Amino acid sequence: MADDDLDALRARRMAELQSQMGGGPGGGDKDQEEKARQMEEMKHGILSQVLDQSARTRLNTIAVAKPEKAKMIEGMLIQMARSGQIQGKIDETQLKGLLAQVNERTKKTTTVKFDRRRAALDSDSD
């Protein structure tokens, strides 16, 4: 009998811990999805207040081509809006300036290296 009580106590305590941590079976996924949906709605709300229609269109076009860059710009815009750095709506030319700043900071250099020894091994004179 004592073992059954101990097992029941352990199971109840484990269920409490899982519910506190949000890792409960089945229930945690719904909560995470709901939070993600709310965050997405809040992000879109802030961006629609901060950007005019042409800038919003340009940002959506960038999101199709380069999603990671668009997420970075959206994060910057939301941070600027929350800190009060943005007065009024940002138009397309201002967004282009912000994009140029981001491009300067995240400039990637591509290098191409040729292995000439391997090219010398392949001869077409055979």
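This is a short dialogue on a predicted model of a helical protein.

Student: How many helices and strands does the protein have?
Tutor: The protein has 6 helices and 0 strands. Along the sequence the pattern reads α-α-α-α-α-α.

Student: What does pLDDT say about this model?
Tutor: The average pLDDT is 81, and 85% of the residues score at least 70. Among the elements, helix α3 (residues 53-65) has the highest mean, 92. Helix α6 (residues 116-121) has the lowest, 62.

Student: Why should low-pLDDT parts be treated with care?
Tutor: Where pLDDT is low, the predicted coordinates should not be read in detail.

Student: Why is the contact between Arg37 and Glu34 called a salt bridge?
Tutor: The cut-off is 4 Å between a side-chain nitrogen of Lys or Arg and a carboxyl oxygen of Asp or Glu. The closest N and O atoms of Arg37 and Glu34 are 2.5 Å apart. That value is within 4 Å, so the pair counts as a salt bridge.

Student: Where do Arg37 and Glu34 lie?
Tutor: Both lie in helix α2 (residues 27-50). They are 3 residues apart, about one turn of the helix.

Student: What makes Arg37 and Glu34 partly exposed?
Tutor: Partly exposed runs between the 20% limit for buried and the 50% limit for exposed. Arg37 has a relative accessible area of 39%. Glu34 has 33%. Both values fall in between, so both residues are partly exposed.

Student: Which residue besides Glu34 forms a salt bridge with Arg37?
Tutor: Glu41 does, with its closest N and O atoms also 2.5 Å apart from Arg37. Glu41 and Arg37 both lie in helix α2, 4 residues apart, about one turn of the helix. Glu41 is partly exposed, with a relative accessible area of 48%.

Student: What links Glu34, Arg37 and Glu41?
Tutor: A network of salt bridges links these residues. Arg37 pairs with Glu34, and Glu41 pairs with Arg37.

Student: How do you know that Lys43 and Glu74 form a salt bridge?
Tutor: Their closest N and O atoms are 3.0 Å apart. The limit is 4 Å, so the pair qualifies. Lys43 lies in helix α2 and Glu74 in helix α4 (residues 67-83), so the pair ties together parts that are 31 residues apart in sequence.

Student: Are Lys43 and Glu74 buried or exposed?
Tutor: Lys43 is buried, and so is Glu74. A search of the whole structure finds 5 salt bridges.

Student: Which residues have the most contacts inside the largest nonpolar core?
Tutor: They are Leu51, Leu59, Ile73, Leu77, Ile90 and Leu95, in a core of 18 residues. Helices α2, α3, α4 and α5 (92-105) each supply at least two residues of this core. The largest share, 5 residues, comes from α4.

Student: What share of the protein is buried?
Tutor: Buried residues make up 18% of the 126 residues.

Student: What makes Gln87 exposed?
Tutor: Exposed means over 50% relative accessible area. Gln87 has 65%, so Gln87 is exposed. Gln87 lies in the loop between α4 and α5. Gln87 and Val50 are 37 residues apart in sequence and 8.5 Å apart in space, C-alpha to C-alpha.

Student: Why is Gly45 called partly exposed?
Tutor: Its relative accessible area is 26%. Buried would need a value under 20%, and exposed one over 50%, so Gly45 is partly exposed. Gly45 lies in helix α2. The C-alpha atoms of Gly45 and Ile78 are separated by 10.0 Å, with their positions 33 residues apart along the chain.

Student: Which residues line the largest pocket?
Tutor: The lining consists of Lys66, Glu68, Lys69, Met72, Asn103, Thr106, Lys107 and Lys108. The volume of this largest pocket is about 170 Å³. Its largest share of lining, 3 residues, comes from α4.

Student: What makes up that lining by class?
Tutor: The lining of the largest pocket has 1 nonpolar, 2 polar and 5 charged residues. Lys and Glu count as charged and Met as nonpolar, so Lys66 and Glu68 are among the charged residues and Met72 is the nonpolar one.

Technical notes: Residues are numbered from 1 along each chain as its sequence is written. This is a predicted model: local features need pLDDT of at least 70, side-chain atom pairs count only at pLDDT 80 or more; totals for chains, interfaces and linings use all residues. Side-chain values use heavy atoms; hydrogens and water are left out. Buried means under 20% relative accessible area, exposed over 50%, partly exposed in between (1.4 Å probe, protein chains only). On a 1 Å grid over the protein atoms alone, a cavity is a set of points where a 1.4 Å probe fits but cannot get out, and a pocket is an open set with protein on both sides within 12 Å along at least five of seven lines; lining residues have an atom within 4 Å of a point. Grid points are joined across faces, edges and corners, and a volume is the space filled by probe spheres set on the points. pLDDT is the predictor's confidence in each residue, from 0 to 100. A nonpolar core is a set of buried Ala, Val, Leu, Ile, Met, Phe, Trp, Tyr and Cys residues joined through side-chain atoms within 4.5 Å.
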